[in-house]
Amino acid sequence: MMETKKFVAVGLVVALLIGVVAVFLASSDPDGLESTALVVQDEKTLTGPAPEDGDAEAIGAGTFEYEAPMPDYSLGESGGTPGAIIAIVIGTILALLVVFGVGKVVTISKH
Amino acid sequence: MHIPDAFIPIGQSAVYWLIALVFIALALKWARKELDEEKIPLVAVLAAGIFAIQAFNLPVGMGTSGHLVGGALAAILLGSPYAAVFILTLVLLIQGVIFGDGGITTMGANIINMGVIGGFVGYYTYTGLLSVVKNTYLSAGVAAWFACFIPALAASVEMWIAGTFPLVPGLIAMGTYHAAIGIIEAVITAGAIYLVTTARPDLMKTSTEAAT
């Protein structure tokens, strides 16, 4: 049986590897929700290819807008591939730390 | 299936947030009861893995891609649908706030779909199926498929209520794409359970093999 420390270390390395490989290999096709948005806007057929310049969110009527610091897992246009790697590494470590922190906080008064 | 801010009017988003908050409170209660010094790092690294793999969009044909959501995986591994709500809420929070993946106003709806519905459908499909077929990986795979497919249908109904998608075409397209994406969910969930239980057989509460 793997020790907890080792399990966490191996798990984090595997997660970071998956994230970094994703930067290079992930599909840029729209996801299921975006594809559906394109279909109902007649920009895409159900089984056809995604349009080159389709705007899935054009159909939305919502007015709220929020500017994320690392939009679409990138450091902006100029960040390029290194920026995307930095973004995914930061996100993965942040997920670990946030869940660890919240876990610690909710159990703090248990003992 | 991360819903962006533009897809749901603010009033409706607020209703989804209120419902989500009830489940978040229950998930925090679960975390307080179930987590300890030993388990917190394990849950944290599972969240990191789910975050990373969510960035890995795989093509499913039909001009569409998809990725693991992880609700079924979290619920099955940790033995509670609230584990999925706990992990997915925090992952969705980071994705929405830092990376603009999924909206801020719509985060409540996303938590309901992927965390709550995904977690509950995944967990109860798994435990129900496991008692019949007695095979952890088959049960987990099928449960994961439903934990992708059912939330997608829920999202299309929400999109219809929001006036964003027409009901039937939305259900058909969301259902078709997520029936395909669900295969990714099924394979990765079963594979991840195999890897985790090989390294740490004690971790999984709900396996028939974990007891032996």
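Student: What makes the lining of the largest cavity divide into four nonpolar, three polar and one charged residue?

Tutor: Let's go through the names in this predicted model. The residues that line the largest cavity are A:Asp31, B:Met1, B:Gly66, B:His67, B:Val69, B:Cys148, B:His178 and B:Ile181. Asp counts as charged, so A:Asp31 is the charged one. Met, Val, Cys and Ile count as nonpolar, so B:Met1, B:Val69, B:Cys148 and B:Ile181 fall in that class. Gly and His are left for the polar class, so B:Gly66, B:His67 and B:His178 belong there.

Student: Why is this space called a cavity, and what is the volume of the largest cavity?

Tutor: The space is called a cavity because a 1.4 Å probe fits there but cannot get out. The largest cavity holds about 60 Å³. The search of the whole structure used a threshold of 30 Å³ or more and found two cavities.

Student: What makes the largest pocket a pocket, and what is its volume?

Tutor: A pocket is an open set of points, so the name differs from that of a cavity, where the probe cannot get out. The volume of the largest pocket is about 1,400 Å³. Of its 49 lining residues, A:Glu34, A:Asp72, A:Tyr73, B:Gly100 and B:Asp101 are the closest to the centre. By class, the lining has 23 nonpolar, 15 polar and eleven charged residues. Helices α1, α2 and α3 of chain A each supply at least two residues of this lining, and α1(A) gives the most, with four.

Student: How do you know what kind of residues line the second largest pocket?

Tutor: The same class rule is applied to its lining. Its volume is about 550 Å³, and the closest to its centre of the 24 lining residues are A:Gly11, A:Val14, B:Ala192, B:Leu195 and B:Val196. Val, Ala and Leu count as nonpolar and Gly as polar, so A:Gly11 is the polar residue among those five. Over the whole lining the split is 21 nonpolar, three polar and no charged. At least two lining residues come from each of α1 of chain A and α2 (39–54), α3 (71–78) and α7 (167–199) of chain B.

Student: Why is the pair B:Glu37 and A:Lys104 called a salt bridge?

Tutor: The N to O distance between their side chains is 3.1 Å. The cut-off is 4 Å between a Lys or Arg nitrogen and a carboxyl oxygen of Asp or Glu, so this Glu and Lys pair qualifies. The count is four salt bridges over all chains. The pair here crosses between chains, from B:Glu37 in the loop between α1 (10–34) and α2 of chain B to A:Lys104 in helix α3 of chain A. Between chain A and chain B the count is one salt bridge.

Student: How do you know which residues of chain A are in contact with chain B, and how many are there?

Tutor: Heavy atoms must lie within 4.5 Å, and by that test 64 residues of chain A are in contact with 68 residues of chain B. The two chains bury about 5,500 Å² between them, 73% of it on carbon and sulfur atoms. A:Phe7, A:Leu33 and A:Tyr73 supply 13% of the area that chain A buries against chain B, more than any other three residues.

Student: What about polar contacts, and which helix gives the most to the side of chain A that touches chain B?

Tutor: Across the interface, 19 residue pairs are in polar contact. On the chain A side, α1 (4–25), α2 (32–40) and α3 (80–106) each supply at least two residues. Helix α3(A) gives the most, with 14. That side has 39 nonpolar, 17 polar and eight charged residues.

Key
Residues are numbered from 1 along each chain as its sequence is written. Chains are lettered from A and ligands numbered from 1 in the order in which they are written. This is a predicted model: local features need pLDDT of at least 70, side-chain atom pairs count only at pLDDT 80 or more; totals for chains, interfaces and linings use all residues. Side-chain values use heavy atoms; hydrogens and water are left out. Buried area is the accessible area (1.4 Å probe) that two parts lose on being put together, summed over both. A polar contact is a pair of N or O atoms within 3.5 Å; within protein, one must be able to donate a hydrogen and the other to accept it, and residues adjacent in sequence count only if both atoms are side-chain atoms. On a 1 Å grid over the protein atoms alone, a cavity is a set of points where a 1.4 Å probe fits but cannot get out, and a pocket is an open set with protein on both sides within 12 Å along at least five of seven lines; lining residues have an atom within 4 Å of a point. Grid points are joined across faces, edges and corners, and a volume is the space filled by probe spheres set on the points.
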